[in-house]
Every structure is written in C-alpha cells, then in structure tokens.
Protein chains: 2
Amino acid sequence: VNEDRFAPNVSVIGFDGDDTLWHSEDAFARAQDQLVELLAAYGPGTDVLARLREVEHRNRDLFGYGVKGFMLCMIETAIEVTGGQIPATDIEGLLETGREMLARPVELLAGVAGTLPLLAERYRLALITKGDLLHQDTKIARSGLAELFETVDVLSEKTSDSYLRILRRLRIEPEQFLMVGNSEVSDVWPVVALGGWSVLVPYPLTSLHESGLSTRPSSPRLRTVTRIDELPALLSGSSGTDA
Amino acid sequence: VNEDRFAPNVSVIGFDGDDTLWHSEDAFARAQDQLVELLAAYGPGTDVLARLREVEHRNRDLFGYGVKGFMLCMIETAIEVTGGQIPATDIEGLLETGREMLARPVELLAGVAGTLPLLAERYRLALITKGDLLHQDTKIARSGLAELFETVDVLSEKTSDSYLRILRRLRIEPEQFLMVGNSEVSDVWPVVALGGWSVLVPYPLTSLHESGLSTRPSSPRLRTVTRIDELPALLSGSSGTDA
C-alpha cells in the first residue's frame, strides 16, 4: 500500500504533560496502594480501589482532575469505607501523602529531554495539559522545558472545542497541528475529529480501561510510538506505517 | 486641577471574576463560621481563624487558591486544633460544606448583568481570574456572561508577567488595557506597574488586610468605584477624579 506521508503540513506540535513528558500516574498508584493498606484492617472484603473510583466518579464534575481532588476523594473514601471510624490521625496521613505528591520533583520520561529541543528547531511547540492549575504551572517551571513552548494551556477538560480555541489563537488550521500524548480520550480523538494529527505514546502504567475507549486505535491521522524520541524520525517521513 | 482623561486609549477591559463579577468570599466566610462553631467545643481559647490562616499560608505554594485547597486546609486545621480527636463524621461535614460551595449557583454582583453588554459594544472584554480551574470554568459558563468575553484566562497567580503574556496574545500595549477587579494585589498594581489602567471595585466583605497592601490606593492610572455600573460614565470621561 502506497501510504500518504504522515502529518506533512504540521507547523505546531502540542504535547500533553502528565505521563507524556513527565511521570505522574506512578505517584497516584503508590498513594492508592497506601490507601488500600490503610483500610484493609477495617473491612477485609472491601474493594477499596473500586470504592475510590466510585467516589472520584461522582465528584468529577465538582473536583475535575488533579492531586487536590484526589486527596479529597481519598479522605471521603476512607470515611465511607470505615463507616466514619477512621481516626483523624490517619486522615492527616492521607493529607501528607497528597502534599508529598504536590511537592515531588518533576521526573522527565525517557527521551524527552533530548527530543524536545530537536523538535523546537523545526516546529512551534505548545504544551496542553489538564489538572490542578498551580500544580501544572509548577511542574512546567520545574521541568526545564518551559522555554521551548510558545504557549502553555492548562485545561479543565480536553475537548475538540477547547483544542479549536487554541488552534485559532495559534492562527493555524487543524491539519497543521499534531498532538502528542498518552490518552486516547484527551489527546487523540478530539484532535483527529477536527482533522488534526496525533501520536499516542502509551504510559506503561495506564491500563487500557483508563487510557481510553478502543482496543486498538486506528486512523490514518494517528500513529503509536513507545518513546517520544521516535518522533523526529516519524515526522521526517522515514518511519512507515502504524502496523 | 486640569486632569488628563482617564484611560483614553483603552481597547481591552479585563475583568476579575470572584467578588468582582459574582459573589465568592461570602461563601468562604460562612464556611469559616461553621468551622469555628464546630471546633469551639474542643478548645474555647483557640483562635480557629488564625490557625486556619496559618494552615492556608503554609500550603499556599502547594494548593494555590480555590475551594479544593480551602477544603483541605479546613480539614487540616480541624485535625490540628483538636489534636487528632475530631471524629471522621465531622470531617465528612467539612467535605460536604466544600462540595456545596463548588455546586453553588453563580450570583452576579449588582450592576454586572446590565453593564457588561454595554461595555462589550465599545471594548474587547477579557476575563482574567484565579482559583480552581474547573470551578472557574464552571462559574464562567453559569454566569451567562461567557459570550461577552473574547478570551478567558484562569491563572495560578496574577503577576505583571502573567498580564503581559495576555496583552501580547491580545496584541495590545499596556496603555490600551484596563483591569477591573476587587483586589489591589492581583488586579491593580501588577497592571499599573506595566503602564496599564485599573479600576478597583472593593468587595464589601474583603477586609483591607486581605484585599491588598495600602491604606488608600493612589495612582493617576487607578480609580475606585463602589459598583461596576459606574464604569461606563467613568470611561466616557464624564466622571472626574478619584477624590
């Protein structure tokens, strides 16, 4: 099959932050393990993680994404699972876990530090993340990458509409835009739906269920890579298909 | 004294959201009253509000501004003031208070609904707020004012640098920009320092201590009004000085 070149007219590359440029999910996973351990004594039969997911789901419209909402949901889950019996000192421990997550140094994913300066020579770069605003701003500042980005946007939700607003501000058409991220739901489909391009870089810890919708993503406007340092070759056209 | 006209070349008016366009501080005040009442039984001599301020201050760099951080600080204060003795069911009550704050309908301040459409006929309008990102986005959507704004920015901190980035994006010089808000620290001085203009609309509940720095703000680039519907007359030049 003689395929068209991938993303030929792209002038701006958008990058997701959490679990695309730097580690994030691993800290949530460790905090959840601690919560499970803490609550195990109160009800050995309880699926604590399932209860936490329920609490997160019903608070999503109020809390959004990010560590602060996660802290509040851990506390709510702990109170609920223990029937109000959990001591306040254990809740203080959950607060401390969350504060440590917020204060944690930024650890870039493999290949990021070397690849982004290369791409910045040929493309305008935009950082497009979601989560707690201050925490995202802090991580961007700590990442050492801030200078490489023409614009930084922290969104409460990544939809086609929110991407379109950014593209208008950048004065580009969707076919000139490529989004790189680890989430199908947030980084791939809203952009592909506009007529833009996307590269999915799955984060090892993110399960299929959490990352998105489909079993195997497929679109001529989408490629999947395992590390971000595969991007320059992919964009220079030397890489072939997604199969 | 024959004064120069106020803000003669302004083309964009920026508005703060919380306590400038809609009520916010009053809900924080009510929640604080509840916390004081809740903790009164544990230590009659304790200045609960002072302890809450301390907790907020030491968490500011991690939590930023907004209801979620405030909820976490109320919980931390309650645990600290009671020496870990507060029952988890009371903490659940604090979570509920916070959720109510987040779910609360937007109540516009007097004069806002009538004045902003008038100003939108003559000026480009920008909304520039800080706080929890999703909560701010939700309030903007609920305010019924979203269509009037060319751009919406939620910032983690309002500094001269962050205003300058917005002005560049809007492609205007500082002297073409007027910021309207209730906070000297956030809405007045960072803009005036750039060479822009500002109108301070103090919120009745905001004490001098919380609102800013000085006892009586003074700059030829600043006016103070009591209600936002004084703006059209002020900008048409029919209003005189700030004295």
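Let us start in the middle: the largest nonpolar core of this structure has 54 residues, and those with the most contacts inside it are Ile75(A), Ile91(A), Ile75(B) and Ile91(B). Both chains feed this core. From chain A, α1 (25–40), α2 (48–63), α3 (67–81) and α4 (88–103) each give two or more residues, and from chain B the elements that do so are α1 (25–40), α2 (48–63), α3 (67–81) and α4 (88–103). Please keep in mind while you look around that this is a predicted model.

Ile91(B) is a good residue to visit in that core. You will find Ile91(B) in helix α4 of chain B. Leaving aside residues up to four places away in sequence, Ile91(B) touches Ile75(A), Ile79(A), Ala88(A) and Ile91(A) in chain A, along with Ile75(B), Ile79(B) and Ile86(B) in chain B. Is Ile91(B) buried or exposed? Its relative accessibility is 0%, so Ile91(B) counts as buried. As background, nonpolar side chains in soluble globular proteins tend to be buried together. For a sense of distance in chain B, pick out Ile166(B): it stands 75 residues from Ile91(B) along the chain, and the C-alpha atoms of the two are separated by 40 Å.

Now step back and take in chain A as a whole. Chain A contains 10 helices and six strands. Its radius of gyration is 20 Å, close to the 18 Å that the globule rule gives for 243 residues, so chain A is as compact as a globular protein of that length. Measuring tape in mind, you can picture the C-alpha trace of chain A spanning about 65 × 35 × 30 Å along its principal axes.

What share of the 243 residues of chain A counts as buried? The figure is 53%. Among the contacts in chain A with a separation of 6 or more, 72% come from residues 24 or more positions apart. Turning to the surface, chain A exposes about 10800 Å², and carbon and sulfur atoms supply 51% of that area. As for charge, chain A carries 23 positive and 36 negative side chains, with the centres of the two sets 5 Å apart.

Next, follow chain A to strand β4, where Val180(A) lies. With a relative accessible area of 0%, Val180(A) is buried. Not counting residues up to four places away in sequence, the residues that Val180(A) touches include Ile13(A), Gly14(A), Phe15(A), Asp16(A) and Thr20(A). Val199(A), Val201(A), Ile228(A) and Leu231(A) are also among its contacts. One of these partners, Val201(A), is 21 residues from Val180(A) in sequence, and their C-alpha atoms are 7.1 Å apart in space.

Finally, two residues deserve a look for their backbone angles. Arg171(A) is not a glycine, yet it has a positive phi of about 60°. Arg171(A) sits in the loop between α7 (160–170) and β4 (177–181) of chain A. In chain B, Ala7(B) is another residue other than glycine with a positive phi, near 50°. Ala7(B) is placed in the segment before β1 (12–15) of chain B.

Which of the words buried and exposed fits each of these two residues? Arg171(A) is exposed, because its relative accessible area of 60% is over the 50% cut-off. Ala7(B) is buried, because its relative accessible area of 3% is under the 20% cut-off.

Key:
Residues are numbered from 1 along each chain as its sequence is written. Chains are lettered from A and ligands numbered from 1 in the order in which they are written. This is a predicted model: local features need pLDDT of at least 70, side-chain atom pairs count only at pLDDT 80 or more; totals for chains, interfaces and linings use all residues. Side-chain values use heavy atoms; hydrogens and water are left out. A nonpolar core is a set of buried Ala, Val, Leu, Ile, Met, Phe, Trp, Tyr and Cys residues joined through side-chain atoms within 4.5 Å. Buried means under 20% relative accessible area, exposed over 50%, partly exposed in between (1.4 Å probe, protein chains only). Helices (H or I, at least four residues) and strands (E, at least two) are DSSP runs, numbered from the N terminus. Contact means heavy atoms within 4.5 Å. The radius of gyration is taken over C-alpha atoms; the globule rule is 2.2 Å times the number of residues to the power 0.38. Accessible areas come from the Shrake-Rupley method with a 1.4 Å probe; for residues, only the protein chains shown count as cover. Lys and Arg count as positive and Asp and Glu as negative; His and the chain ends are not counted. The place of a charge is taken as NZ of Lys, CZ of Arg, CG of Asp or CD of Glu.
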